[in-house]
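Thank you for making room for this on the agenda. Please take a moment with the sequence and the picture, and then I will walk through what can be said.

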Amino acid sequence: MLDRLNQAMEHIERHLDQEIDVAELARIAVTSEYHFRRMFSALAGIPLSEYVRRRRLTVAAADVLAGEETLLDIAVRYGYGSGEAFARAFRAMHGVGPGEVRRIGASLRSQPRMSFRLIIEGSGDMRYRIVEKEELRLVGRKARVPLVYEGMNPAIAEFVRSIDKETTQRLEGLSDQEPRGIVNAADQITDGRAEGTELDYYYGVVTGADTPEDLDVLTVPAGTWVVFESSGAFPQALQYLWRDAFTQWFPSNPYRSRPGPEISRAVVSQDGAHADAELWLPVERIAEQARIGRGVDAG
């Protein structure tokens, strides 16, 4: 898998002055576009689109400094429709405009080329199970919130506090299947998964019962799920589960993520410092032919 990912990274470098086709990157990595974006974000720590943008502006800065072409020619080469659009993007990354760089010089920022390598860890095992579920309904309250990778999400915390105790008790009474009890679900996450982009957040339960009209409902098609379990500091225990799923579990198992909500459940201690957590991710098994291809290429 890492060999394939590095081939995809090399493809990006060769095409920085062209449109980057994410479907082609996924083909090189022998996976789906959906899974490739999520795998990249987890491994690199930034969305794929942001990495490509930074690499283009890093290479463009070298062309600006060389002084052999007009700024407009450089802007067009790297996909900007005008000199003004290029100047704005350039300044946003480097803190100075391209014209100023040529006139007076300046310190610039660089996005290094990324490559992926294997670091032997795995000293702690991951607890997981594979679950097949029929169509399920997630019932509760929904809000549009920004994506936060580390620490508490203030928008989610405020939204949950706004839900009265009576509503929470009604929801708990509707829970009749796994994952049991109050759950949190993230849906409609943008492909780039950049921090700060918005998603649909659900506070509710999974149920087959009749749904009260005043509650929001998310219907999820039947499919396969991988369920991870962990205990530790809250909310890190849950956030690290997501990170470890993509950096450790997926590269070692014949599954890839598929579209659908990411459902989590945390039983938090009274002092709010510790939690027993579960993370449900929708997955699909990788075709045997693709797995054989990976093994051949890796060798």
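What share of the contacts in the chain with a separation of 6 or more comes from residues 24 or more positions apart? In this model, which is a predicted one, such residues account for 73% of those contacts. I would like to keep that figure in mind, and to go through some individual pairs with it.

Let me begin with the overall picture. The chain has 11 helices and nine strands, and of its 299 residues, 46% are buried. The surface that the chain exposes comes to about 15,300 Å², and carbon and sulfur atoms supply 48% of that area.

I turn now to the aromatic rings. A pair of rings is described by the distance of the centres and the angle of the planes, and I will give both values for two examples. The count comes to 12 aromatic pairs. In one of them, Tyr128 and Phe228, the ring centres are 6.4 Å apart and the planes stand at 45 degrees, so this pair is tilted. Tyr128 belongs to strand β1, which covers residues 127-133, while Phe228 belongs to strand β6, residues 223-233, so the pair ties together parts of the chain that lie 100 residues apart in sequence. As for their surroundings, Tyr128 counts as partly exposed, at 39% relative accessibility, whereas Phe228, at 0%, counts as buried.

Phe228 also has a second partner, Trp249: here the ring centres are 5.4 Å apart and the planes are at 85 degrees, so the pair is edge-to-face. Since Phe228 sits in strand β6 and Trp249 in helix α10, residues 236-252, this pair ties together parts that are 21 residues apart in sequence. Trp249 is buried as well, with a relative accessible area of 3%. If you follow the ring pairs further on the screen, you will find that they link Tyr128, Phe228, Trp242, Phe246, Trp249, Phe250 and Tyr255 into a cluster.

Rings can also be looked at together with charges. The charged end of Arg38 sits over the ring of Tyr34, at 3.6 Å from the ring centre, and the charged end of Arg258 sits over the ring of Trp225, at 5.7 Å from the centre of that ring.

From here I move to the salt bridges. How many are there by the rule used here? The count comes to 19 salt bridges, and I will take three of them in turn.

In the salt bridge between Glu178 and Arg129, the closest N and O atoms are 2.9 Å apart. Glu178 is found in the loop between α9 and β3, and Arg129 in strand β1, so that distant parts of the chain, 49 residues apart, are linked by this pair. Both residues count as partly exposed, Glu178 at 31% relative accessibility and Arg129 at 25%. These two residues also take part in a network of salt bridges, in which they are linked with Arg127, Glu229 and Glu278.

The second example joins Arg144 to Asp200, with the closest N and O atoms 2.9 Å apart. This pair too links distant parts of the chain, with Arg144 in strand β2, residues 136-146, and Asp200 in strand β4, residues 198-207, a separation of 56 residues. Is each partner buried or partly exposed? Arg144, at 42% relative accessibility, counts as partly exposed, while Asp200, at 13%, falls under the 20% limit and therefore counts as buried.

In the third example, the side chains of Asp214 and Arg170 meet in a salt bridge, at 3.0 Å from N to O. Asp214 lies in the loop between β4 and β5, and Arg170 in helix α9, so the pair ties together parts that are 44 residues apart in sequence. Asp214 is partly exposed, with a relative accessible area of 40%, and Arg170 is partly exposed too, at 32%.

Let me stay with helix α9 for one last residue. Thr167 lies in this helix, which spans residues 165-174, and Thr167 is buried, with a relative accessible area of 5%. Leaving out residues up to four places away in sequence, Thr167 touches Arg141 and Leu215.

Technical notes. Residues are numbered from 1 along each chain as its sequence is written. This is a predicted model: local features need pLDDT of at least 70, side-chain atom pairs count only at pLDDT 80 or more; totals for chains, interfaces and linings use all residues. Side-chain values use heavy atoms; hydrogens and water are left out. Helices (H or I, at least four residues) and strands (E, at least two) are DSSP runs, numbered from the N terminus. Buried means under 20% relative accessible area, exposed over 50%, partly exposed in between (1.4 Å probe, protein chains only). Contact means heavy atoms within 4.5 Å. Rings of Phe, Tyr and Trp (its six-membered ring) pair if their centres lie within 6.5 Å; planes under 30 degrees apart count as stacked, over 60 as edge-to-face and the rest as tilted. A charge sits over a ring if NZ of Lys or CZ of Arg is within 6 Å of the ring centre and within 35 degrees of the ring normal. A salt bridge is a side-chain nitrogen of Lys or Arg within 4 Å of a carboxyl oxygen of Asp or Glu. Accessible areas come from the Shrake-Rupley method with a 1.4 Å probe; for residues, only the protein chains shown count as cover.
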